[in-house]
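Ready for a bit of practice? Open the structure and work through the exercises below.

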Amino acid sequence: MSPVPGRALVVGEALVDVVRRPDGSVSEHVGGSPANVALGLARLGRHAELLTWTGPDAYGALVNRHLDASGVRVLRGAESAISTSIATALLDEEGVATYDFDLEWNLPSTWEESAEPPLVLHTGSIAAVLEPGAQKVARLVADRRATSTITYDPNLRPALMGSPEQALPVVEALVLQSDVVKVSDEDLAWLLPGIAPAEIAEEWTRRGPSLVVVTHGGKGAFASTNSGARLMVAAPTVKVADTVGAGDSFMSGLIDGLWSAGLLGAERRDALHDVTPETVGAILERCARIAAITVSRPGANPPTSAELDEG
């Protein structure tokens with residue numbers, strides 16, 4: 001199928017990950033879950049625009065250079081942050097990251113954006129929960145449902161989001177507004193402990209989204225559709241450098257796959273609702289390949305479409 005034209009609007013944080021490894025080495029990478037998703041989409045050949053909140057400092061310049069190099073358009077707003085946010089990622093011996101944050105999150109009151117409505121609006125993680133920006137994100141999501149597919153990845157950060165009881169109403173409100181949700185099994189274990197991830201995914205699809213995907217790291221991913229399909233796909237076996245950005249690259253692949261299948265845009269909502277298990281399975285297998293490439297190299301470094309074609 002030939003590529004479907006259009007653009008993606010990604011809304012959320014862009015920051016700098018300061019990665020500290022067990023051997024004492026330190027490196028700096030541009031990160032933030034939504035920024036990583038925008039980057040992944042651009043590397044897959046999509047027109048991706050990022051509405052974010054960075055400062056006029058060296059880290060802000062680093063963010064802009066990094067995203068621009070892969071073709072992401074960072075939208076200019078009427079206001080900006082005082083300083084660019086930082087996340088310190090502490091890696092264990094297996095390359096698994098835990099985070100410490102120094103950040104603020106907001107949205108500008110106005111910004112420069114392409115005139116055509118986006119096919120898809122994606123958001124998630126810190127941007128969907130941390131005030132004062134979270135309420136603005138929720139309003140933007142509600143406003144754009146009339147023209148755009150809504151995709152959401154909770155990508156929870158317990159250090160920033162309070163207790164599960166505090167985060168759950170915010171997460172579920174966005175789930176109900178979304179057409180597609182991608183969530184990790186670790187997120188669900190923190191948010192709704194003691195309930196099987198598949199059970200949560202099935203409940204969410206009964207209440208709103210056409211598709212809910214639960215990622216299980218190296219064990220693969222589970223999908224539940226509103227039309228009743230349930231399926232599991234395996235993950236390729238690779239040597240893991242670290243897991244930074246793996247879920248975000250999977251999310252980019254999910255949006256890209258639905259885009260190629262002609263299932264994005266508000267006018268395609270019914271078609272997305274009726275998506276076949278075969279279509280979902282093929283998309284998820286490609287997502288798993290994308291995530292596997294990402295974890296095989298350091299930092300949030302998702303593959304290009306050319307790299308996927310070579311595999």
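**Exercise 1. Find the volume and lining of the largest pocket.**

Start with the space: the largest pocket holds about 1300 Å³. A pocket here is an open set of points on a 1 Å grid over the protein atoms alone, where a 1.4 Å probe fits, with protein on both sides within 12 Å along at least five of seven lines; lining residues have an atom within 4 Å of a point. Points join across faces, edges and corners, and the volume is the space filled by probe spheres set on them.

Next, look to the centre: of 50 lining residues, Ser184, Glu186, Thr243, Ala246 and Gly247 are the closest to it. Elements giving two or more lining residues include β2 (15–20), β10 (180–184), α8 (246–260) and α10 (277–295). Helices (H or I, at least four residues) and strands (E, at least two) are DSSP runs, numbered from the N terminus.

This is a predicted model: local features need pLDDT of at least 70, side-chain atom pairs count only at pLDDT 80 or more, and totals for chains, interfaces and linings use all residues. Numbering runs from 1 along each chain as its sequence is written, and side-chain values use heavy atoms, leaving out hydrogens and water.

**Exercise 2. Which element gives the largest share of the second largest pocket's lining?**

First, the volume is about 370 Å³. Then the lining: 20 residues, with Thr54, Asn64, Val74, Leu75 and Arg76 the closest to the centre. Both α2 (58–69) and β5 (73–74) supply at least two. The largest share, four residues, belongs to α2.
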